[in-house]
Amino acid sequence: YSPELKLVSTDGLEQKSVPAPAYAASVYVDSKSSTAFLSEHARDSVVALNLAEGGKELWRASVAPNPGPLALTPNGLWVGSLQTGQLERLDVKTGVVSDAPVQPTPGTPMFGPPTREMRRVKETPATFSKYVMGGKAPRALLWNTKARRLLLASIGPNIGPNPQKMEVTMNSGIGVVDGDAKKWDR
């Protein structure tokens, strides 16, 4: 909640602070460009700070409510919204939101073992794929360079309403997003 970003060397011997927005939810530091990207809840924005210039603000971008995890990829900076379950891609140099938000849609494939509730109604995750109506709060993002995919940890897609009345689900797992096509793979 402090209006500063504390930078600590990997060996822990060097520390310095730079001014930064309070209420940062997530921080991603790009050491190549000496830029820190922060998602912050107070103004529902992502901020880029130049660390080489003492934390000088480079840009601020308005994003979906309660921005959370960040991931830097070759095609932009991705941010997840804890409130909408969507992902947005920002231009690294300007902060401009590049495209429409990305989220799982009806028919997004679902894999894995059934949850306890799914076993109760004798169904598998694949059964609920047609009921997907968006994402749920992303908790972490990671760019997989080899696969060129964005990996997202969350409590799963929103699969309600559905005939089995399983609107409230906790289908935690890893979502896979094609960062080039801007499409939710699974």
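In the predicted model, the side chains of K56 and E53 form a salt bridge, with an N to O distance of 3.7 Å. Neither residue lies under the 20% cut-off for burial: K56 is partly exposed at 46% relative accessibility, and E53 is partly exposed at 49%. The pair is one of eight salt bridges in the structure.

Another of these pairs involves E57 and R60, whose side chains meet at 3.3 Å, N to O. Both partners again fall in the partly exposed class, E57 with a relative accessibility of 40% and R60 with a relative accessibility of 27%. Side chains of opposite charge can pair when their charged atoms come close.

A further salt bridge connects D178 with R149, at an N to O distance of 3.6 Å. This pair links distant parts of the chain, since D178 belongs to strand β12 (residues 173-178) and R149 to strand β11 (residues 149-154), with the two positions 29 residues apart in sequence numbering. The two partners differ in accessibility class. D178 has a relative accessibility of 12% and therefore counts as buried, because the limit for that class is under 20%. R149, at 23%, counts as partly exposed. The D178 and R149 pair does not stand alone: salt bridges with shared partners join R149, D178, K183 and D185 into one network.

The surroundings of L87 were examined separately. L87 lies in strand β9, which covers residues 87-90. The relative accessible area of L87 is 0%, so the residue is classed as buried. Leaving aside residues up to four places away in sequence, L87 is in contact with W78, V79, G80, P101, V102, P138, L141, L150, L152, V177 and W184. Among these contacts, L150 and L152 fall within the residue range of strand β11 (residues 149-154), and V177 falls within that of strand β12 (residues 173-178). These are the two strands that hold R149 and D178, respectively. The C-alpha atoms of L87 and A100, which are 13 residues apart along the chain, are separated by 9.0 Å.

Taken by residue, the accessibility values place K56, E53, E57, R60 and R149 in the partly exposed class, whereas D178 and L87 are buried.

Technical notes
Residues are numbered from 1 along each chain as its sequence is written. This is a predicted model: local features need pLDDT of at least 70, side-chain atom pairs count only at pLDDT 80 or more; totals for chains, interfaces and linings use all residues. Side-chain values use heavy atoms; hydrogens and water are left out. A salt bridge is a side-chain nitrogen of Lys or Arg within 4 Å of a carboxyl oxygen of Asp or Glu. Buried means under 20% relative accessible area, exposed over 50%, partly exposed in between (1.4 Å probe, protein chains only). Helices (H or I, at least four residues) and strands (E, at least two) are DSSP runs, numbered from the N terminus. Contact means heavy atoms within 4.5 Å.
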